[in-house]
Amino acid sequence: MNFLFEEQLINYTENSRLWQENSQYFYDIVIQQKIGRALSTQWFDKSGSTQKIIIGEDRSENGRYLSIYETDFNEDQIFELEGNKRFRTYFEIKFDSEVHRIRIRPDNPLIIACILDTGEAKIINILNPSQLDQEGYSMTSLKGHTEEGYGINWNHTKKGLLATCAYDKKILIWDTNLYGNELEPISSYNDHSAGVEDVEWNPHDPNSFGSVADDQTLKIFDTRTKTHTLNIIAHKEEVNSLSFSPFYPNLIVTGSSDKCVALWDIRNTSTRLHSLLQHQDKIFQVSFSPNDPNLIASSGDDKKILIWDTSQIGDEQQGRDADIGPPELIFTHSGNLQVIREFDWHPTIPYCFTSVDDNHINLIWKLKPNIIKDESEKDFFKILKQSFSEK
């Protein structure tokens, strides 16, 4: 056996054992599901004791699917780390291509947008979830991109308006209220000089959206001017993700392959508000919390989801806190033991996530509230190892 692979396997097994044995001290809910290779996940339900998640998964020889699973949240504490006992298939659609990203329409969860590895986007309108054949849904194709893409986002105010982006350097705007089996974009933007990684509408301005790309830039657009109104050289390497704050109109966070999470005030972009530094590899996703105006989560190639509290930036640190990380880093989730492809904050349940990784695992997890509030418990494995060494 290759010695490097053997060492990685030993570390993986040990980390998995440590995390499973001690998760009860950090989490109220942990539910693990074995799935196909997945790149995207999102909460499908916002309330109730039965929760649904939507996942784009590749089941290898069994095909590629957009799947909706449901599970029960009827207990204060749930730990289900073996098998798929708590998950039931609610709805699924088979595709010929891999599903790169999924987004549920904000005003109607039965309308789902996804972008495929071909660059083509699809709009699925679920008519009858109890029917898993073609009579249970209708589908519209959005053809305009010529290369694969990952970015797709619904406008929060203008119902049915959708933005997509891809490695063909284009951002396309679609009016999905139009009828037809196949739609053409109503607008096209070609302002980036390299592949566009992510696009997101500004939740505070229905005419504004932002994008980030492999040309290291963050751009802000106004649909009324048909071009970008702001251009920032945001990072030293590719910029893979952006997120608008749902609470503060001018606050944006970006994540990059340069391992940095950057905070921006779009009123003054001459310098960053702050750099959040703790990731050890490329960052693929950043996202503001929908419940708390101070919280940000980020993830990437280092197999961790970091949770940041911007209200603690600049706080004085004492003792071992300074060794664990900066004061604004309040928790490191290490339950996904391979590269994390996507996570999603629960819209209404604080500190609750769904996340998918390269180990073909979907993990639903909810932190204990005191973990977020206790600055001393930041990094799961470092704390455990320190505790073991002191014994």
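This note covers three parts of a predicted model: strand β22 and its partners, a sheet of four strands, and the surroundings of H145.

1. Burial of β22. Strand β22 spans residues 260-265, and six of its six residues are buried, so the strand is largely enclosed by the rest of the structure. The burial applies to both faces. On one side the buried residues are C260, A262 and W264; on the other they are V261, L263 and D265.

2. Pairing of β22 with β21. Strand β21, residues 251-256, pairs with β22 in the antiparallel sense, and five bridges link the two. Within this pairing, T254 has A262 of β22 as its bridge partner. The two strands form a hairpin with three residues between them. In that turn, K259 has a positive phi of about 75°.

3. Pairing of β22 with β23. Strand β22 also pairs with β23, residues 274-277, again in the antiparallel sense, here over four bridges. A262 stands opposite S275 of β23. A262 is thus a useful reference point when viewing this region: T254 is its bridge partner in the pairing of β21 with β22, and its own side chain belongs to the face that includes C260 and W264.

4. The four-stranded sheet. Strands β16, β17, β18 and β19 make up an open sheet in the order β16-β17-β18-β19, with antiparallel pairing. The edges are β16 (196-201) and β19 (227-233); each has a single partner strand, so one side of each is left without a neighbour in the sheet. From one strand to the next, the twist averages 20°.

5. The β17-β18 pair. Within the order given above, β17 is followed by β18. Strand β17 covers residues 208-213 and β18 covers residues 217-222; the two run antiparallel and are joined by five bridges. One facing pair is F209 and F221, the latter in β18.

6. Position of H145. This residue lies in the loop between β10 (137-142) and β11 (152-154). Is H145 buried or exposed? Its relative accessibility is 10%, and because buried means under 20%, H145 counts as buried.

7. Contacts of H145. The side chain of H145 makes two polar contacts to consider here: one with the side chain of T164 at 2.8 Å, and one with the side chain of D168 at 3.1 Å. Leaving aside residues up to four places away in sequence, H145 touches I115, T118 and G119, together with T164, C165, A166, D168, K170 and L172. T164 and D168 therefore appear both in this contact list and as polar partners of H145.

Notes. Residues numbered from 1 in each chain as written. Predicted model: local features only at pLDDT ≥ 70, side-chain atom pairs only at ≥ 80, totals over all residues. Heavy atoms only, no water. Buried < 20%, exposed > 50% of the residue type's maximum accessible area, 1.4 Å probe, protein only. Pairing = 2+ DSSP bridges. Axes fitted to C-alpha atoms, helices over the stretch in contact; angles between N-to-C directions. Polar contact = N/O pair within 3.5 Å; in protein donor to acceptor, adjacent residues only side chain to side chain. Contact = heavy atoms within 4.5 Å.
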